[in-house]
Amino acid sequence: MIEEPMTTLDDEKVLPLRRTHYNATLVERINIHDELFRIRVRPDAGIRPFEPGQYVALGLGNWEPRIQPSQEEVLDEKRLQKLVRRAYSISCPLLDPSGNLATCADADFLEFYITLVRHGAELTSKAPALTPRLFMLAPGDRMVAENKITGHYTLTGIGPDDTVLFMATGTGEAPHNAMAAQLLRSGHRGKIINATTVRQRADVGYAAEHERLQQQFPQYRYLVITTRDPENLDPAHPGYIGKQYLQQFFTSGRLAAIADDPLDPANTHVFLCGNPAMIGIVRAGDQPPQTPGMLPLLVQAGFVNENAGPGHVRYEKYW
Ligand SMILES: Cc1cc2nc3c(=O)[nH]c(=O)nc-3n(C[C@H](O)[C@H](O)[C@H](O)COP(=O)(O)OP(=O)(O)OC[C@H]3O[C@@H](n4cnc5c(N)ncnc54)[C@H](O)[C@@H]3O)c2cc1C
């Protein structure tokens, strides 16, 4: 028998499904704007020990409503009763209520930094399944947070005087926040540069927190690069600078100048997170992009992608 496509389930089916599957509560939602938020999630069973930089799967039932507008998704009744899960790096509140450094370990919740994907990347792509549902949630709502926290994108092999360079696109900043807070807490003496590229300045979720940390810790530097603000797009803008890429900041030496550090592979560790184009992963058979990603540029500069010592490059790609 062919099942009829549907978009929702009746309440009498939804309530027991939620009771059976959901094991965590969204305790706080910090809206940066309509398509970007920070959420704090408390698992019923408490938080297992984890390392800054790791990730966990969050989930919701396909029976939950989707934010509008978003790409239409039509599922049969069987699929509507299933869960959708996606990986999310654990971010960090960065500050406590008194404005002092807070690490992940100080919180009794897991913090996430998430962007809404309303449509698949291409016309033919499947509808994004989780974020249009996540963005419907309010504090007190229930959800899935898998017990297992995992990942190798972590702080290993870093000496207290080494330079640590984090480079992210958008919400790829999340694991860097967790790692930067941990380094600062541990008394790290070397430079910590947390650089991120976003479309617009409005797409920055932790601006005030980074500002405060820079004041408290002279070795900490936060840098935002935009690609779609008026000064990036409008040649008539008095401050026109064109599109900015982390890659150009690195190769031109501007990043080193801003960081006040030579970013020498002899004592620098690099972390790349987010969009695979920035990281520089070219899939077999694909043409290399016009703007090369960071991996080939780092190799040219003497960095290596193996062994967790100085000069090591680690990356986490989000899709
Ligand atoms: C290890 C790991 C950690 C991750 N951590 C985060 C995180 O901390 N925050 C976060 O927002 N996402 C994160 N992601 C991506 C996340 O797992 C989902 O893919 C994303 O939230 C979209 O889910 P979806 O079901 O709505 O759409 P999907 O069907 O999963 O994705 C649809 C398309 O959306 C685009 N996309 C996916 N993620 C992003 C993103 N972050 N920014 C812009 N476009 C995107 C891609 O083109 C992708 O093909 C992570 C992914 C991995 C593998």
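**Why these labels apply**

Reader: What does the side chain of R133 reach, and what makes that a polar contact?

Author: In this predicted model, the side chain of R133 comes to 2.8 Å from the backbone oxygen of A129. A polar contact is a pair of N or O atoms within 3.5 Å, so the 2.8 Å between R133 and A129 satisfies that distance limit.

Reader: Where is R133, and why is it called buried?

Author: R133 belongs to helix 3, residues 131–134. Its relative accessible area is 2%. Buried means under 20%, and R133 is therefore buried.

Reader: How do you know that the ligand has polar contacts with Y113, T115 and T131?

Author: Each of the three distances can be set against 3.5 Å. A nitrogen atom of the ligand lies 2.9 Å from a polar backbone atom of Y113. For T115, a backbone N or O atom is 3.2 Å from an oxygen atom of the ligand. For T131, an N or O atom of the side chain is 2.7 Å from a ligand oxygen atom. The limit is within 3.5 Å, so these pairs count as polar contacts.

Reader: Which residues come nearest to the ligand?

Author: There are 21 residues around the ligand, and R86, A87, Y88, L130 and T131 come nearest.

Reader: How do you know that the length of helix 4 agrees with its number of residues?

Author: Helix 4 covers residues 173–185, which is 13 residues. At 1.5 Å a residue it should span 18 Å, and its end C-alpha atoms are 18 Å apart, so the two values agree.

Reader: What makes helix 4 largely enclosed by the rest of the structure?

Author: Of its 13 residues, 11 are buried, and helix 4 is therefore described as largely enclosed. Among the buried ones are E173, H176, N177, M179, L183 and L184. After helix 4 comes G187, with a positive phi near 80 degrees.

Reader: Where is G170, and why is it called partly exposed?

Author: G170 sits in the loop between strand 9 (163–169) and helix 4. Its relative accessibility is 22%. Buried ends at 20% and exposed begins over 50%, so G170 at 22% is partly exposed. Its C-alpha is 13 Å from that of H33, with their positions 137 residues apart in sequence.

Reader: Why is P288 called exposed?

Author: The relative accessibility of P288 is 60%. Exposed means over 50%, so P288 counts as exposed. P288 is in the loop between helix 9 (276–279) and helix 10 (294–300). From C-alpha to C-alpha, P288 and L272 are 18 Å apart, and in sequence they are 16 residues apart.

Reader: Why do P52 and F109 count as buried?

Author: P52 has a relative accessible area of 16% and F109 has 15%. Both values are under 20%, so both residues are buried. P52 is in the loop between strand 2 (36–43) and strand 3, and its C-alpha is separated by 7.2 Å from that of C104, 52 residues apart along the chain. F109 is in the loop between strand 6 (101–102) and strand 7 (110–115).

Reader: What makes the phi of L94 and of L263 worth a remark?

Author: Most residues other than glycine have a negative phi. L94 has a positive phi near 70 degrees, and L263 has a positive phi of about 50 degrees. L94 lies in strand 5, residues 94–95, and its relative accessible area of 0% makes it buried. L263 is in the loop between helix 8 (254–259) and strand 12 (268–274), and at 7% it also counts as buried.

Reader: What kind of peptide bond joins Q68 and P69?

Author: The bond is cis, with omega about -5 degrees. Most peptide bonds are trans. P69 is placed in the loop between strand 3 (55–61) and helix 2 (77–80).

Reader: What is the volume of the second largest pocket, and which residues are closest to its centre?

Author: Its volume is about 430 Å³. The lining has 13 residues, of which N275, P276, A277, I281 and R283 are closest to the centre. By class, six lining residues are nonpolar, four polar and three charged.

Definitions and conventions
Residues numbered from 1 in each chain as written. Heavy atoms only, no water. Helix = DSSP H or I, 4+ residues; strand = E, 2+ residues; numbered from the N terminus. Expected span 1.5 Å × (residues − 1). Buried < 20%, exposed > 50% of the residue type's maximum accessible area, 1.4 Å probe, protein only. 1 Å grid on protein atoms, 1.4 Å probe; cavity = no way out; pocket = protein on both sides within 12 Å on 5 of 7 lines; lining within 4 Å. Points joined across faces, edges and corners; volume = space filled by probe spheres on them. Nonpolar A, V, L, I, M, F, W, Y, C, P; charged D, E, K, R; others polar. Near = heavy atom within 4 Å. Polar contact = N/O pair within 3.5 Å; in protein donor to acceptor, adjacent residues only side chain to side chain.
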